[in-house]
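Hello,

Here is the structure I promised to hand over. Please open it and keep it on screen as you read.

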Amino acid sequence: MKTLKSAALAALLGLTATNVIAQEVTLRFQHFVSPKSANPTYFIGPWAEKVEQDSNGRIKVEIYPFMQLGGKAPSQYDLIRDGAIDGGWVIPGYQPGRFPEAEAMELPFMVTKSAEEASKAAWVFTQKHLMDDFKDVHVIAAHMHGRGLVHKKGPAVQTVEDFEGLKLRGPSRPATLLLKEVGATPIGMPVPAFPEALSKGVVDGGVITWEMSPSLKLDELTDSHTDVAGDKSLYNLYFIWAMNKSKYESLPDDLKAVIDANSGFFASAWAGRAHDTGDKVGKDVMTAAGNEIAVLNEAETARIQELGDVVTQNWIAEMTKKGLDGATLVEDARAAVQITRDSSAPMN
């Protein structure tokens, strides 16, 4: 009898162990833009598919666009932290002042116009300075978008003076500080609010990427698009792709390993490439619409760079007053950009 009971117990334990090993998990991630825009199309969607494939179907990732699980874009970090969602796409700059060190990557002319290069730099900088800031979530990737441009109703901006009096949407504090410095009236707002603000005349235009232009219908709502000369972006925006910490820690080790294998430098670069791909598509759509495509000449770009330097120096002073080493943050951000431009070696 004891032998039979022992055999039955062993079988039960074996079945339980098998169930644990074969644990299946559904993760609900959300973002705040159209599923047809570049990051969801070329990164978020493929990332979810790869995680499912790498886990042999044991991890199912559901993606919800347009904040369908609730909340507003600026509250995304807190939704992830609190477990209202399992993960999502976060713009820390949507909560001005909360993550001040991340702003170093967003300062004027900080990163190149290659989103992939900028995103590699973002991951390097994040590892050095920002993991404590984001300790309440599990960071999967940190990245930047592509070149930031001025999109507006009417003729393209050609000189610094052309900014005077324009009401322009800005996505982050560094962007709005730059817009103010060049003479515009900056209005901070998340991307979902931009089209309505344009259509109602709340703003004359704003700064955003090529890749977001089609999904925001900027071919219809604006008439011109202006870039700066050179290989540095007028401005940029910092993002994280993150997961609820408790949810990540609750995964069995082999499923954690799947998330880990699709995280870090690799995933950050992938997210950046998504924006580069989208930029090409977006520019083509704006060109096909007959909109004016302009690039400031080198002299006018240099004038804006000088004003951008004022923004950076003021930012350093502000951070110093807050007890942060602003100068080192800027130095390390620049170093991360240079390192990732000069080296193709993987960085973890």
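Below are some notes on one helix, one loop residue and one strand.

This is a predicted model: local features need pLDDT of at least 70, side-chain atom pairs count only at pLDDT 80 or more, and totals for chains, interfaces and linings use all residues. Residues are numbered from 1 along each chain as its sequence is written, and side-chain values use heavy atoms, with hydrogens and water left out.

Start with helix α12, residues 326–342 (helices are DSSP runs of H or I with at least four residues, strands runs of E with at least two, numbered from the N terminus). α12 has 17 residues and reaches 24 Å from its first C-alpha to its last. That is close to the expected 24 Å (1.5 Å times one less than the number of residues).

The buried residues of α12 include Leu-329, Val-330, Ala-333 and Val-337 (buried means under 20% relative accessible area, exposed over 50%, partly exposed in between; 1.4 Å probe, protein chains only). Seen down the axis, the buried residues fall within an arc of 165 degrees, so they line one face of α12 (the arc uses directions from the helix axis to the C-beta atoms). Glu-331 and Asp-342 are exposed on the other side. The buried residues pack against α4, α10 and α11 (contact means heavy atoms within 4.5 Å).

Now find His-145, in the loop between β4 and β5. His-145 counts as buried because its relative accessibility is 5%. Among the residues that His-145 touches are Ala-115, Tyr-235 and His-275.

Last, look at β4. 8 of its 8 residues are buried, so β4 is largely enclosed by the rest of the structure. β4 pairs with β10 in the antiparallel sense over 7 bridges (pairing needs at least two DSSP bridges between two strands). Met-144 has Tyr-238 as its bridge partner in β10.

Best wishes

Technical notes:
Lists of a residue's contacts leave out its neighbours within four places in sequence.
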